Amino acid sequence: MEENKQPFTEEDSTERKTSDEIGEEVRQKWQREKKIERSILTVLLALVLAAAFFCAGWFGRFASLDPRARSLLWALDTAKDNYYKDFDEDELYDRIFAAFELDPYSCYYTADEYGAVEDERNGNSAGYGIAMSAFEGEGAPRFMRVAENSPARIAGIQKGMYVLGYGQDEDSLSQGSTQEFMDFVDGANGSFVIKCGFHIDGSDARTLRLTASAYTPAYCAYRDGETSFSFRYKANVSFDGSAAKAEAEAVGAFTETEEPLAGLPADTAYVRLDEFNGNAAAEMKCCLAKMRERNKKNLILDLRTNGGGYMDILIEIASHMMKDAPASRALVASAKFKNGSVFNYSSANNDYGSYFTSDSRVTVLADEYTASASECLIGALVDYGTVGFDDVVLRKDEASGVARSYGKGIMQSHFRDGRGNVLKLTVAEIFWPNGKSIHGKGVTEADGAKSVAAPFIPGERDILLQTVVQSLAD
């Protein structure tokens, strides 16, 4: 289609432009074009300068690195360019970061690894829920830990049982070392048959099928002389929401399991607290409420093998158990950092009287793996008059004669990079309310704690617990 061109006439002379006007229009158009060109050149120059400064900054940063860091970067680049075959860079980096251990508690997590940590924190786990003893010479693999509400616990497996046989079906059971059993479990495709019992001669053995699944671990359990209660959550209940929701989930899952603790005095309850993790705070509150509901005024608190956990959970549990704490606010622990600053962890709404009476007696069980937040809780109970050191009963090692808690009085924080990887670092030393540090020392008999010689892993008869129960009955 052609453009419609009309010649100028006298009538449209008012729309015509003089040559000067046309010249001025051309000049303005040229200036606009030049201005645009200058703008483009300015942007390009800025980008070039930014790149130059970035490179200069990078090279400056590189030059300022510790020589060992430069050597590491050089070694990685040299390997990528010259190694005789391709290699898995991710695997190499995993091995390098795995060595990032300034102490036993500092470590590096990939984003995926830390995702699993957060899942457990929020109540999500998967698998069988078992951990095996590392002690050889016991005659057969042995369960050191069975997670509450896990497939193994629901199936009837308990801490201290021996693995007397395992296989894909009852007709093909075999025996092996702890490592051989763990290797079998790893390759079992999520289901296998196991024969287990407390007696290595098999006199009480039972055979059952164990199937891995998603589950929500529980960290507390209640027992008294007549019955018991445990938490039976549905799979993958999330605890990252409100405290009210977490408490409602705990109350709804609190189920009578009918495993009474024989010989326990009628006025006494027993509560086991495995970790300060997941929904442990709400679970502990449920257990204390059950104790009060069932007219039990005394408590045995079992912190054996409790390696600690999160400060917020510790503070909430402590708020129910500190006898002489003011109702509104009480110091539970303090953290001292590298720069000398101190942060105080305090509890509010302290309500000891809601669960205990003025003459209630609390006894704490601990061993060499009672650590960190567990030791902080013991400190708060001692400093606020709930217990004396003579109410703390330690496991005495039968071979060495040593009785103590672990002695971890330091705190870790998590630092996340832009890709979701996390560096966990020890950042502060932790002190009890009275200023005492137990780091490297633990709670010991020298403090006034009592002790009982007993095996590390209880068998069908828990010697330490039964000794304490008998002493309370007397």
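Q: Helices (H or I, at least four residues) and strands (E, at least two) are DSSP runs, numbered from the N terminus. With that in hand, where does Thr370 sit?
A: Thr370 is in the loop between strand E16 (362-366) and helix H10 (373-383). This is a predicted model, where local features need pLDDT of at least 70 and side-chain atom pairs count only at pLDDT 80 or more, while totals for chains, interfaces and linings use all residues. Residues are numbered from 1 along each chain as its sequence is written, and side-chain values use heavy atoms, leaving out hydrogens and water.

Q: How do you know whether Thr370 is buried or exposed?
A: Check the cut-offs: buried means under 20% relative accessible area, exposed over 50%, and partly exposed in between (1.4 Å probe, protein chains only). Thr370 comes out at 0%, so it counts as buried.

Q: What makes the pairing of Thr370 and Asp367 a polar contact?
A: A polar contact is a pair of N or O atoms within 3.5 Å; within protein, one must be able to donate a hydrogen and the other to accept it, and residues adjacent in sequence count only if both atoms are side-chain atoms. A polar atom of the Thr370 side chain lies 2.9 Å from the backbone nitrogen of Asp367, so the distance is inside the limit.

Q: Which side chain does Ser437 touch, and how do you know it qualifies as a polar contact?
A: Ser437 makes a polar contact with the side chain of Glu429, at 2.7 Å. Ser437 is found in the loop between E19 and E20, and with a relative accessible area of 13% it is buried.

Q: Why is the link between Glu148 and Arg272 called a salt bridge?
A: The name needs a side-chain nitrogen of Lys or Arg within 4 Å of a carboxyl oxygen of Asp or Glu. Glu148 and Arg272 meet at 3.0 Å, N to O, so they pass. This pair links distant parts of the chain: Glu148 is in the loop between strand E4 (143-146) and helix H5 (151-155), and Arg272 is in strand E12 (residues 268-273), 124 residues apart.

Q: What makes Glu148 and Arg272 fall into separate exposure classes?
A: Glu148 is at 1% relative accessibility and counts as buried, whereas Arg272, with 22%, is partly exposed.

Q: What network do Glu148 and Arg272 belong to, and how many salt bridges are there in the whole structure?
A: Salt bridges link Glu148, Arg153, Arg232, Glu259, Arg272 and Asp274 in a network. The structure holds 24 salt bridges.

Q: How do you know that Glu226 and Lys296 form a salt bridge?
A: Their closest N and O atoms are 2.9 Å apart. Here again the pair links distant parts of the chain: Glu226 is in the loop between strand E9 (220-223) and strand E10 (228-231), Lys296 is in the loop between helix H8 (280-293) and strand E13 (298-302), and they are 70 residues apart. Glu226 is partly exposed at 46%, but Lys296 is buried at 6%.

Q: What does the salt bridge between Lys396 and Glu445 tie together?
A: The closest N and O atoms of Lys396 and Glu445 are 3.6 Å apart. Lys396 lies in strand E17 (residues 392-396) and Glu445 in the loop between strand E19 (422-431) and strand E20 (450-453), so the bridge ties together parts 49 residues apart in sequence. Lys396 is partly exposed at 25%, and Glu445 is partly exposed at 35%.

Q: What makes Glu113 eligible for a surface patch?
A: Patch members have over 30% relative accessible area and no salt bridge, with like charges joined within 9 Å. Glu113 is partly exposed at 40%, so its area clears that bar. Its partners in the negative patch are Asp88, Asp90, Asp94 and Asp112. Helix H3 (89-98) and helix H4 (111-121) each give two or more residues to the patch, and Glu113 itself lies in helix H4.

Q: Why point out the phi of Asn149 and Glu258?
A: Most residues other than glycine have a negative phi. Asn149 has a positive phi of about 75°, and Glu258 has a positive one near 55°. Asn149 lies in the loop between E4 and H5 and is buried at 6%. Glu258 lies in the loop between strand E11 (254-256) and E12, and at 61% it is exposed.

Technical notes
Patches are made of residues with over 30% relative accessible area and no salt bridge: like charges are joined within 9 Å, nonpolar side chains (Val, Leu, Ile, Met, Phe, Trp, Tyr) within 5 Å. Accessible areas come from the Shrake-Rupley method with a 1.4 Å probe; for residues, only the protein chains shown count as cover. Lys and Arg count as positive and Asp and Glu as negative; His and the chain ends are not counted. The place of a charge is taken as NZ of Lys, CZ of Arg, CG of Asp or CD of Glu.
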